[in-house]
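Please consider the arrangement of protein and nucleic acid shown below. The discussion afterwards is intended to be read alongside the coordinates.

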There are 2 protein chains.
Amino acid sequence: MREGPDIARIASLVGDPARANMLTALMGGTALTASELALVAGVSLPTASSHLSKLMEGGLLTLASQGRHRYYGLAGPQVAGMIEAITGVAAAVGPQRVRPGPRDAAMRVARVCYDHLAGEQAVAMLDRLVARQVLLRHDKEIRLGPSAASHFAAIGIDVESKPRRPLCRACLDWSVRRSHLAGTLGAAILDKIIAEKWARREKDSRAVIFSPMGKQAFEKVFLG
Amino acid sequence: MREGPDIARIASLVGDPARANMLTALMGGTALTASELALVAGVSLPTASSHLSKLMEGGLLTLASQGRHRYYGLAGPQVAGMIEAITGVAAAVGPQRVRPGPRDAAMRVARVCYDHLAGEQAVAMLDRLVARQVLLRHDKEIRLGPSAASHFAAIGIDVESKPRRPLCRACLDWSVRRSHLAGTLGAAILDKIIAEKWARREKDSRAVIFSPMGKQAFEKVFLG
DNA sequence: ACAATGCTTCGATGAAGGACGAACTATGCG
DNA sequence: CGCATAGTTCGTCCTTCATCGAAGCATTGT
């Protein structure tokens, strides 16, 4: 009636519980098939298919067909950011729910948030990096400290080249209610954790499980 | 079914056209009465009242009763940020709409975005401040340059004291599709513009109309 | 070629919720 | 006190849309 972008259309796409569950599942960063998404959404395959075509039409998802599998993924960081923002409001506004965070203990400790690490571990990591002044923080604004380049280079992460996406971003952790590190640096650190096999992704979940040795290594590098 | 914050509940609140219009109107930053919101939403008063109580229950609005008037406003910056994020996705995803930006030409030039300035003027301002290195920008991250303190002090804006909200933030402008300046600094600049009477708020709209002299003054200070 | 798997389309059903008019409550004004 | 204005509550209508079973396509495997 008054305005350009059709915000109600987008919001109502997210506003259905089945679709919201799908999108939340896709925040794990990996693309999923229609059947998997039907499972997490708790609906039948036809119903899921209908939801998926709506989300596609709304531009929130991308589709990669591989043989008879069709992998759906989030359309991009902007969409992920929107889901994050909505999740943040929902978490802030909804302490009427009994459980204050993720039901699963493992999810509280460490989980994937689109392409970076979230949960207690991630919050502790950002805290420590800021305390050691590897990163400098003013509220939501995070930038590299003087020792950042050498610190991250030592573990094989390049922070010198300027990527198109923001290098550092604060992302409000909805279980701990404090910020963790997002952006390309956050993504690179998660890659590192998985590549070094310090932790593995829990199947069908966003949870990230550290091995005892991996936890030690992670803490040595990031919390030491 | 799987998860903590009830994101579908929040999103579905925004997902109704009438409510979306109300929230968008409240992005202007000023609280509005139920009748005014009924008007912008294009619904009858009873319908609006029903929507408003739902938004209240969802925690998206605050209410200030003054006599027989009840002023509804956005619950806070987090909610505003969420609306922004949704608007961004809707704008990015919805070029199927014929008009690429706000219908109203004045809205394209300058408008209020919750508590700061948006539109062509605002985008030009950020560009210029970055070009002059008053502000330093790496993608979404904006921080103060060396000359920022003196530059803003000269026009009566204090950037030294650290506020709780981020001082600078990039906010994607959905009409121009480039960033403008948000955060407390963005808000302070808008205050300045209004206080100096360089521009006035258009009634019942987010549009900001510069006077000829005000435009000159603004351009001298921020685009000069 | 035939079966099996993965997914989509079709059609019918049912429930949720948005719409408004009328009646009710509350505040302000003369 | 009585009238006007602002807003909410109630009851009812009606549209929208999520849901599922069954059937239809498409791709892979034997």
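The following paragraphs treat the DNA strands and then the packing of helices.

This is a predicted model, in which local features need pLDDT of at least 70 and side-chain atom pairs count only at pLDDT 80 or more, while totals for chains, interfaces and linings use all residues. Residues are numbered from 1 along each chain as its sequence is written, chains are lettered from A and ligands numbered from 1 in the order in which they are written, and side-chain values use heavy atoms, with hydrogens and water left out.

DNA strand D is surrounded by 20 residues, the closest being A:His51, A:Lys54, B:Ser35, B:Ser49 and B:Tyr72; a residue is near a molecule or strand if one of its heavy atoms lies within 4 Å of it. Of the atoms of DNA strand D that come within 4 Å of the protein, sugar and phosphate account for 73%. Several polar contacts, where a polar contact is a pair of N or O atoms within 3.5 Å (within protein, one must be able to donate a hydrogen and the other to accept it, and residues adjacent in sequence count only if both atoms are side-chain atoms), can be listed for this strand. An N or O atom in the side chain of A:Lys54 is 2.5 Å from a phosphate oxygen of DNA strand D. For A:Arg19, a polar side-chain atom lies 3.2 Å from a phosphate oxygen of the strand, and for B:Arg70 the corresponding distance is 3.4 Å.

Two or more residues each are given to the surface near DNA strand D by helix H2 (17-26) and helix H4 (45-57) of chain A, and by helix H3 (34-41), helix H4 (45-57) and strand S3 (69-74) of chain B. Here helices (H or I, at least four residues) and strands (E, at least two) are DSSP runs, numbered from the N terminus. H4(A) provides the largest share of this surface, four residues. By class, the surface near DNA strand D has seven nonpolar, seven polar and six charged residues, where Ala, Val, Leu, Ile, Met, Phe, Trp, Tyr, Cys and Pro count as nonpolar, Asp, Glu, Lys and Arg as charged, and the others, Gly among them, as polar.

DNA strand C also has 20 residues around it, the closest being A:Ser35, A:Ser49, A:Tyr72, B:His51 and B:Lys54. Sugar or phosphate supplies 74% of the atoms of DNA strand C within 4 Å of the protein, and bases supply the rest. A polar side-chain atom of A:Tyr72 is found 2.5 Å from a phosphate oxygen of this strand, and one of B:Arg19 lies 3.5 Å from a phosphate oxygen. At B:Ser44, a polar backbone atom is 3.2 Å from a phosphate oxygen of DNA strand C. H4(B) gives the most to the surface near DNA strand C, with four residues. That surface has six nonpolar, eight polar and six charged residues.

The packing of helices comes next. Two packed helices are described by the angle between their axes and the distance between the axes. Axes are lines fitted to C-alpha atoms, for helices over the stretch in contact, and angles run from 0 to 180 degrees between N-to-C directions.

Between the chains, the axes of helix H5 (residues 77-93) of chain A and helix H5 (residues 77-93) of chain B come within 9 Å and cross at roughly 155 degrees. H5(A) and H5(B) are therefore roughly antiparallel to each other, given that angles under 35 degrees count as roughly parallel, over 145 as roughly antiparallel, 65 to 115 as roughly perpendicular and the rest as oblique. Among the residues making the contact (heavy atoms within 4.5 Å) are A:Met82 and A:Ile86 of H5(A) with B:Met82 and B:Ile86 of H5(B). The residues of this contact divide into twelve nonpolar, four polar and no charged.

Within chain A, H2(A) and H4(A) pack at an angle of about 70 degrees, with their axes 10 Å apart, and are therefore roughly perpendicular to each other. A:Ala18, A:Arg19, A:Met22 and A:Leu23 in H2(A) meet residues of H4(A) including A:His51 and A:Lys54. This contact comprises six nonpolar, one polar and two charged residues.
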